[in-house]
Each structure stands twice: as structure tokens, then as C-alpha cells.
Amino acid sequence: MATTSSHLPDSQSKQDQSLSLISNAGVGTFKFTHSFLVNNPNVISRLIRSDGIGLHILAEGGMIGVEVDASKRMYQRRSFAATRKNMRGRVLDWAEGRIDRAWRMIWIMGPGGVGKSSIAQKIADAMRLDGRLGCCLFFSPRHNDSTKIMATLAYQLAVKHAWYKHIVTKRLADDPNLLERPLHIQFRQLIIHPFQFIMTHDPSILDRPLLIILDGVDKVKGEIAQCELIEIIAEHVRCVQKFPLLWLICSKPEWYFKYLVSQTDFPIVCEREELKDETEARQGQDDSNVRGPAPGRFVFADAVMRYAASPKPAPPQADPNDWQLDCVVLGPMGALEQLTRDVQSRVTDRDMRTVVVPMQ
């Protein structure tokens, strides 16, 4: 029971002093109170800070295991071929401002298994060492919920950047249901508006923008959600040229992504990089070597087709004992040329006038 009094007994002086500390601090249960007495008090005062509440909300609403250094994420380190090394170098030059930065977004497309995630990982490692990695999100079949994307990005940014943490956690403490809003509203409230405030008060942040990496966007659950995510980011990139955030997107070249890129009314303005399968590229080069001389030379094309289809290639209609051809060593073109030379050698000078040689 508590009774108020304007004069406090001497026996309670120590207790009064402790209570006055609480009341004068302006926090706790007795904030802004005075001139009162508590008999036999057992007071526990706990201060809950807004940044703790905000970080808890983000952690609960985000995805764990998608970070650049997540222990649960299996990252296959591979040796970089020249093509991937060159692409990684170009992206790093763009992110660090060593080359002209026409747009704030780079989109790397390529089929599965060509090294997109490896490139993203290498770039993230380099930017983290430079202190300019904003956040990373490596999507996977287990981590593909579009409703948790903004919370995940905001949590990583808040852990690394104190000023952003203060802004976004205060906003979440004031509106704990913010993560229930549509994706584009979360993007504005959690990502764009805080950095607009920071940029207004510290324009020097534009000299060292932060890089946000989204790898495997094609793994996000639902084609509509994938396209919405790309369009939200691309719209801001298109409308705001100077901003302290850069975006690196990696995905497979799905047909709906190609459609987004091809739109003319609201174009996706970004640097686009295509990463091809080197095996397919080599096969394409081999195919072009065959397609080039094949037109109009039916014997040549027929020989190549037979050679490719045979498990133990042999020249068409050829007797290895007769002409002694080793097609495995010579290949289809060499075998055909040797066959032609052998045929020509059996033609006498008298018959040359009437013989048409198929090979020049």
C-alpha cells in the first residue's frame, strides 16, 4: 500500500533517495513522480530500449542462413576461368567507383552451375573487407519466402550500421506491424527512407555507397514475387540516379525476366552481364566449324554426321583394311580427306578428264 506525504520520515531516507533517483531519471515505473511513500518496497525497474525491440522484430521476421558467411549455406569454391575473373573484376570496378557508374544496378544472368553464386561470393568478400558491403541474400529452396526479404536485408544493415539501426528500429518500435505491409511499402519504409535521411544529413555517403547482393532471385517462391522484387528495385534505380545503395542481382535467364528487360514503357535500367556455360560455348564453336564448310558439300556433312553418331567412328562406306584409315586420330574431316586422296590415287591420268573430284 502506498500513501502520499509531504514530509518523509528519517528512517526511510535511504529508500527515498533510491526512489528519487528513479523518479528523477524520467524512466521506469515512477517516472516524473514525487512526494510519495512506499512501505517495504521491493522495486525492480527494467528499461527496454527501442533498438532491442526493433532488432528482435527483424530477426523474427527475416531469414537466417542466407548471409555471406552463413555456416549453413553450402558454398562451393571453384577455380575461376578467365571469363568469370573478368566479370568479377568489372563488377568490383563498378562497385568501387573505378569506372563510370551509369546505373546503380548490375544484373548477371546465366544458366545453373556456371558460377553466378561464386562470383557473388567473391565480390561480397572483397566488399566486406573494404567496409562497403551492405548486405547479402543468397536464396535457396529452403530460403525463398518473399515476405521475409526486406526484414532480412534490414536486419543485416542494422547489425552493421549504427545510424541506420537507430532509424529503422525506432520505426519498428513505433509500428511493430510494418512487416505485415506489402513488399513495396516495406522497401520504402525499411530501406529507402532511412538512407534518404542519412544521405540528407551526410552527403559524403554518396562517395562510398553500400552494395546489396541478391543471388538466385529465380529461386524466390512464385514468378510474380520474383518479378515484383526486381521491378521494385529497378523502379527506384531508374528514378533516383544518386543514392548510397548499389544492387547486384544474379539469376537464371528465365523467360519472364527477359520480358521485363525487353519492356519499353518501363524499362529495367541496369548494366546486364551474361554468363555462359563454357562447355556449351566450346560446343557452339565446334558446331560453327562444322556448319561453315558444310553448305553445298553433302558428302562432307554426311561424313561428319556419321562420325558423330558412331561410337567407334569410321568413314562412310569405307573398309579400314582397304584404305587404312584411323578416324579416331584423324577426326571426321581428316578421315574424309584421306578417303578422297585415296580415291584420287586410283584414278588414272586418262580417266581424270571425266572424273569429278568432290574435294578441292
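A polar contact is a pair of N or O atoms within 3.5 Å; within protein, one of the two must be able to donate a hydrogen and the other to accept it. The model on screen is predicted.

**Stop 1: Arg132.** Select Arg132, in the loop that links helix 4 (116–129) to strand 4 (133–138). Is this residue buried or exposed? Arg132 has a relative accessible area of 4% and counts as buried, because the cut-off for that word is under 20%. Now show its side chain, which comes to 3.4 Å from the backbone oxygen of Pro209. Next, display what surrounds Arg132. Apart from neighbours within four places in sequence, its contacts include Ala95, Glu96, Arg101 and Met127. Asp207, Arg208, Pro209, Leu210 and Leu211 are also among them.

**Stop 2: strand 5.** From Leu211, go on to strand 5 (residues 210–215), which pairs with strand 6 in the parallel sense over six bridges. Across from Leu211, in strand 6, is Leu246. Add helix 8 (residues 223–239) to the selection: strand 5, helix 8 and strand 6 form a right-handed β-α-β unit.

**Stop 3: strand 6.** Select residues 245–251, the whole of strand 6; seven of its seven residues are buried. Which residues point which way? Leu245, Trp247, Ile249 and Ser251 point to one side, while Leu246, Leu248 and Cys250 point to the other.

**Stop 4: strand 3.** Finally, select residues 105–109, which make up strand 3; five bridges join it to strand 6, and the two run parallel. Pick Ile106 in strand 3. Its opposite in strand 6 is Leu248.

Methods:
Residues numbered from 1 in each chain as written. Predicted model: local features only at pLDDT ≥ 70, side-chain atom pairs only at ≥ 80, totals over all residues. Heavy atoms only, no water. Helix = DSSP H or I, 4+ residues; strand = E, 2+ residues; numbered from the N terminus. Buried < 20%, exposed > 50% of the residue type's maximum accessible area, 1.4 Å probe, protein only. Contact = heavy atoms within 4.5 Å. Pairing = 2+ DSSP bridges. Right-handed = clockwise from strand over helix to strand, strands pointing away.
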